[in-house]
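Welcome, and please load the model into your viewer. We will begin with the whole chain and then select one piece at a time.

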Amino acid sequence: MTGFWEHALVETAASYSVVVLCLVVFMAVFELVTTYNNWKEIKNGNVAVAMATGGKIFGIANIFRFSIQENDSLVQTMGWGLFGFLLLLIGYFIFEFLTPSFKIDDEIAEDNRAVGFISFIISVGLSYVIGSNII
């Protein structure tokens with residue numbers, strides 16, 4: 001018989017709770033580094049912001065999927081999740097740097113859906129690369 005904290009339902013609830021909390025914190029950080037207000041723009045129907053934000057949410061969740069799968073403790077899961085988030089954030093800044101002819105944030109704020117879609121794909125794609133390296 002296993003202890004309370006080793007029960008699969010308890011472990012799942014704990015992982016879920018930690019990931020949701022981390023997701024909220026990480027999305028707040030993304031809110032700080034973008035020049036637009038994500039949730040206000042989404043409320044106003046800005047599809048480009050919705051795609052970019054959705055990609056960030058998917059990316060963070062995907063990184064944590066790999067982290068949960070590869071680690072036995074919540075501390076390790078959170079550590080690798082934080083590291084993965086930092087790499088995803090760096091990827092965001094690299095994307096901005098590699099497009100000197102226009103500002104990514106301005107284009108997304110103006111509902112440029114092509115830029116929003118590319119931002120989505122970059123977040124999702126990088127999350128798979130980052131996640132596959134989590135040990």
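Start with the long-range picture: among contacts between residues at least 6 apart in sequence, 69% join residues at least 24 apart. Keep in mind that this is a predicted model.

**Whole chain.** Switch to a cartoon view and you will find six helices and zero strands, in the order α-α-α-α-α-α. Along the principal axes, the C-alpha atoms fill a box of roughly 60 × 30 × 20 Å. Now turn on the surface: the protein exposes about 7,900 Å², and carbon and sulfur atoms supply 70% of that area. Of the 135 residues, 36% are buried. Colour by charge next, and you will see 6 positive and 12 negative side chains, with the centres of the two sets 9 Å apart.

**Helix α4.** Select residues 74-97, which form helix α4. How far apart are its end C-alpha atoms? They are 34 Å apart, and this agrees with the expected span because 24 residues at 1.5 Å a residue should cover 34 Å. Show the side chains of the buried residues of α4, among them Phe85, Leu88, Leu89, Tyr92 and Phe95. Glycines are on that list too, including Gly81, Gly84 and Gly91. Which helices do the buried residues of α4 pack against? Display α1 (8-33), α3 (47-70), α5 (104-109) and α6 (113-132) to see these partners.

**The largest nonpolar core.** Select Phe26, Phe30, Ile60, Phe64 and Phe85, the residues with the most contacts inside the largest nonpolar core, a set of 16 residues. The elements giving two or more residues to this core are α1, α3 and α4, and α1 gives the most, with six. In soluble globular proteins, nonpolar side chains tend to be buried together.

**Around Phe30.** Centre the view on Phe30. Leaving aside residues up to four places away in sequence, Phe30 touches Asn38, Lys56, Ile60, Phe85, Leu89 and Tyr92. Apart from the largest core lies another core, of eight residues. To find this second core, select Ala48, Val49, Ala52 and Phe95, which are among its members.

**Last stop: Gly45.** Move to the loop between α2 (38-43) and α3, where Gly45 sits. Is Gly45 buried or partly exposed? Gly45 is partly exposed, because its relative accessible area of 41% falls between the 20% and 50% cut-offs. Finally, draw a distance from its C-alpha atom to that of Phe30: the two residues are 15 apart along the chain, and the separation is 19 Å.

Notes
Residues numbered from 1 in each chain as written. Predicted model: local features only at pLDDT ≥ 70, side-chain atom pairs only at ≥ 80, totals over all residues. Heavy atoms only, no water. Helix = DSSP H or I, 4+ residues; strand = E, 2+ residues; numbered from the N terminus. Buried < 20%, exposed > 50% of the residue type's maximum accessible area, 1.4 Å probe, protein only. Contact = heavy atoms within 4.5 Å. Areas by Shrake-Rupley, 256 points an atom, 1.4 Å probe, with all protein chains shown as cover. Lys, Arg positive; Asp, Glu negative; His and termini not counted. Charge placed at Lys NZ, Arg CZ, Asp CG, Glu CD. Expected span 1.5 Å × (residues − 1). Core = buried A, V, L, I, M, F, W, Y, C linked by side-chain atoms within 4.5 Å.
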